Amino acid sequence: MILQLPAPAKLNLILRILGRRPDGYHELQTLFQLLDFGDSLEFETRENDRISVDAGTLDIPLQDNLIYRAAQLLRQHTGCNKGAHIRLQKNLPQGGGIGGGSSDAATALLGLNYLWQCNLPIDALAELGRQLGADVPVFVRGRTAWAEGVGEKLTPVATEPRHYLVLVPNCAVSTAAVFGDPRLTRDSTAITLAALREGQPGDIRLDSEWLERHSGNDCQALVEKLHPEIRAAREWLQQFAKAQLTGTGACVFAAFDSAQAASDVLAKLPAKWSGFVAAGVQESPTHRQLAKIASTL
Ligand SMILES: C[C@@](CO)(OP(=O)(O)O)[C@H](O)COP(=O)(O)OP(=O)(O)OC[C@H]1O[C@@H](n2ccc(N)nc2=O)[C@H](O)[C@@H]1O
Ligand SMILES: Nc1ncnc2c1ncn2[C@@H]1O[C@H](COP(=O)(O)OP(=O)(O)O)[C@@H](O)[C@H]1O
């Protein structure tokens with residue numbers, strides 16, 4: 001059996017650092033916006049219990065690949081001893097702050113849970129994801145969400161449909177180095193969403209005016225100090241629309257009302273940088289694909 005699933009990127013439309021916990025991890029608040037663009041994973045069952053990964057252009061040891069680690073963790077947790085061959089088509093830059101590795105890990109958990117018929121509920125898969133990285137649970141749950149804690153307390157939210165131009169500067173940022181830097185500001189006040197829920201059935205809606213007021217990224221100033229090229233990319237994009245860092249970088253992004261408007265700016269991009277246009281989505285393309293497969297059974 002062969003199963004093909006997307007592993008979408010995310011943007012942090014808001015990233016606030018509230019403080020540091022005794023274990024060194026940071027308390028934060030972030031708005032994870034899922035995108036309709038990302039990597040792609042293909043899963044194939046095998047006759048034996050081997051797990052192999054063809055990582056394509058991604059040049060890292062197998063034991064470090066989050067796809068392999070997700071597969072091992074799922075087997076350990078469930079006692080499953082089945083094997084699989086997994087092919088990765090890597091479209092997202094590494095260390096970009098758009099969650100490529102985390103999303104690959106989540107898609108591996110979701111895909112293998114289905115392929116191996118482990119039948120773990122989403123809560124259990126999200127907990128396994130948390131063990132692999134702070135950003136994995138949001139991709140496992142598959143909803144654009146407001147995150148608190150170290151990023152694992154998730155509240156699904158509805159954002160207005162927008163198109164994003166994401167620029168990829170020529171550098172990779174180490175998340176651990178940014179969080180370990182004494183110059184990082186860690187004193188933002190917490191935002192409360194509760195007031196926005198009043199009288200509204202369903203998910204909390206974050207409209208563009210609210211987003212405009214609260215957008216920002218507490219890592220941006222430090223990351224731009226460490227990597228002047230990221231500042232240059234953001235300032236270039238800023239000529240056309242409000243531009244901001246995602247996660248701990250390196251990517252920067254701006255929102256547009258249409259894909260055409262974003263593509264028009266992308267067409268002007270200096271050759272030294274690359275970029276892509278993607279739409280913001282409420283539900284992960286991974287979950288949409290799994291639901292489609294389930295509906296045809
Ligand atoms: C801050 C974010 C926002 O999305 O940055 P990006 O990775 O997307 O750039 C993420 O939550 C990152 O998530 P992820 O990349 O999965 O982090 P992890 O592998 O769990 O942690 C990498 C390192 O970042 C630091 N870290 C991470 C998350 C957090 N809330 N506090 C931290 O201090 C820790 O030093 C940890 O060793
Ligand atoms: N399947 C994978 N895809 C990308 N990176 C991976 C993967 N597995 C492990 N990694 C490691 O995770 C690190 C961060 O990955 P990535 O998710 O691309 O960055 P970010 O969290 O900044 O968005 C990479 O530098 C890489 O060493």
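How do the residues of the shell around ligand 2 divide into nonpolar, polar and charged? I began my reading of this predicted model with that question, and I counted five nonpolar, 11 polar and two charged residues in the shell around ligand 2.

**Entry 1, ligand 2.** I then listed the neighbours of ligand 2 and found 18 residues around the ligand, of which Leu66, Gln94, Gly100, Gly101 and Asp104 come nearest. Sorting the shell by element, I noted that helix H1 (66–78) and helix H2 (100–115) each supply at least two residues, and that H2 gives the largest share, four residues.

**Entry 2, ligand 1.** I repeated the search for ligand 1, where the shell holds 19 residues and the nearest are His26, Gly133, Ala134, Phe179 and Gly247. The elements that contribute two or more residues here are strand E2 (26–45) and helix H5 (175–180). By class I recorded six nonpolar residues, 12 polar ones and one charged residue around ligand 1. I also checked the domains, and the shell around ligand 1 takes at least three residues from domain 1 (2–156 + 285–295) and at least three from domain 2 (158–281).

**Entry 3, the annotated span.** I looked up the UniProt record, an unreviewed entry, which lists residues 65–142 as "domain: GHMP kinase N-terminal". In the model this span is 59% helix and 8% strand, and the C-alpha atoms at its two ends lie 21 Å apart.

**Entry 4, strand E4.** Which side chains of strand E4 (residues 84–89) are buried, and which are not? I found that Ala84, Ile86 and Leu88 point to one face and are buried, whereas His85, Arg87 and Gln89 point to the other face and are not buried. This is the arrangement I would look for, because side chains in a regular strand alternate between the two faces of the sheet.

**Entry 5, partners of E4.** I followed the pairing next, and found that E2, the strand that also gives residues to the shell around ligand 1, pairs with E4 in the antiparallel sense over six bridges. In this pairing, phenylalanine 43 stands opposite isoleucine 86 of E4, and Ile86 is one of the buried residues noted above. Strand E3 (residues 51–54) pairs with E4 in the parallel sense over four bridges, and there I noted isoleucine 51 opposite alanine 84 of E4.

**Entry 6, the crossover.** Last, I checked the handedness of the connection and recorded that E3, H1 and E4 make a left-handed β-α-β unit; its helix, H1, is among the elements that supply residues to the shell around ligand 2.

Note on methods
Residues numbered from 1 in each chain as written. Chains lettered and ligands numbered in written order. Predicted model: local features only at pLDDT ≥ 70, side-chain atom pairs only at ≥ 80, totals over all residues. Near = placed C-beta within 6 Å. Nonpolar A, V, L, I, M, F, W, Y, C, P; charged D, E, K, R; others polar. Domains from an automatic or database assignment. UniProt positions renumbered as here; feature names shortened; annotations may be inferred. Buried ≥ 20, exposed ≤ 12 C-beta atoms within 10 Å, placed from the backbone. Pairing = 2+ DSSP bridges. Right-handed = clockwise from strand over helix to strand, strands pointing away.
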